[in-house]
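This report describes a nonpolar core and one helix that contributes to it. Please view the sequence and the model together while reading.

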Amino acid sequence: MEVKDINRLKVVLVEKKRTAAWLAGELGVSPVTISKWCSQKTQPDLKTLARIDELLEVDKRDLLTEN
């Protein structure tokens, strides 16, 4: 079964010139958690996704891949 990318977090972090370590600190999670989100191993919950939107100043749709 092929795994599809669900979020664009890694791309948006680069576009916004932010690091995973910065985002981890802002969210109060470990850098490993951010790494798992960026590599599509796990996904943030909706509340966390909303906070990421605020921190990176993007719309939720910018963080999600098109289906």
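Leaving aside its neighbours within four places in sequence, which residues is Leu56 in contact with (heavy atoms within 4.5 Å)? They are Leu9, Val12, Leu13, Lys16, Arg18 and Trp22.

The model is predicted: local features need pLDDT of at least 70, side-chain atom pairs count only at pLDDT 80 or more, and totals for chains, interfaces and linings use all residues. Residues are numbered from 1 along each chain as its sequence is written, and side-chain values use heavy atoms, with hydrogens and water left out.

Leu56 is also among the residues with the most contacts inside the largest nonpolar core, which has 14 residues. Such a core is a set of buried Ala, Val, Leu, Ile, Met, Phe, Trp, Tyr and Cys residues joined through side-chain atoms within 4.5 Å. The elements that give two or more residues to this core are listed below; helices are DSSP runs (H or I, at least four residues) numbered from the N terminus.

| Helix | Residues |
|---|---|
| H1 | 9-15 |
| H2 | 20-27 |
| H3 | 31-38 |
| H4 | 46-56 |

H4 provides the largest share of this core, four residues.

Within H4, the buried residues (under 20% relative accessible area, 1.4 Å probe, protein chains only) are Thr48, Leu49, Ile52, Asp53, Leu55 and Leu56. Seen down the axis of H4, they fall within an arc of 170 degrees (taken from the directions from the helix axis to the C-beta atoms), so they line one face of the helix. The face turned away from this side carries Leu46, Lys47 and Glu54, which are exposed (over 50%).

Just after H4, Glu57 adopts a positive phi of about 55 degrees.

Conventions: Contact = heavy atoms within 4.5 Å.
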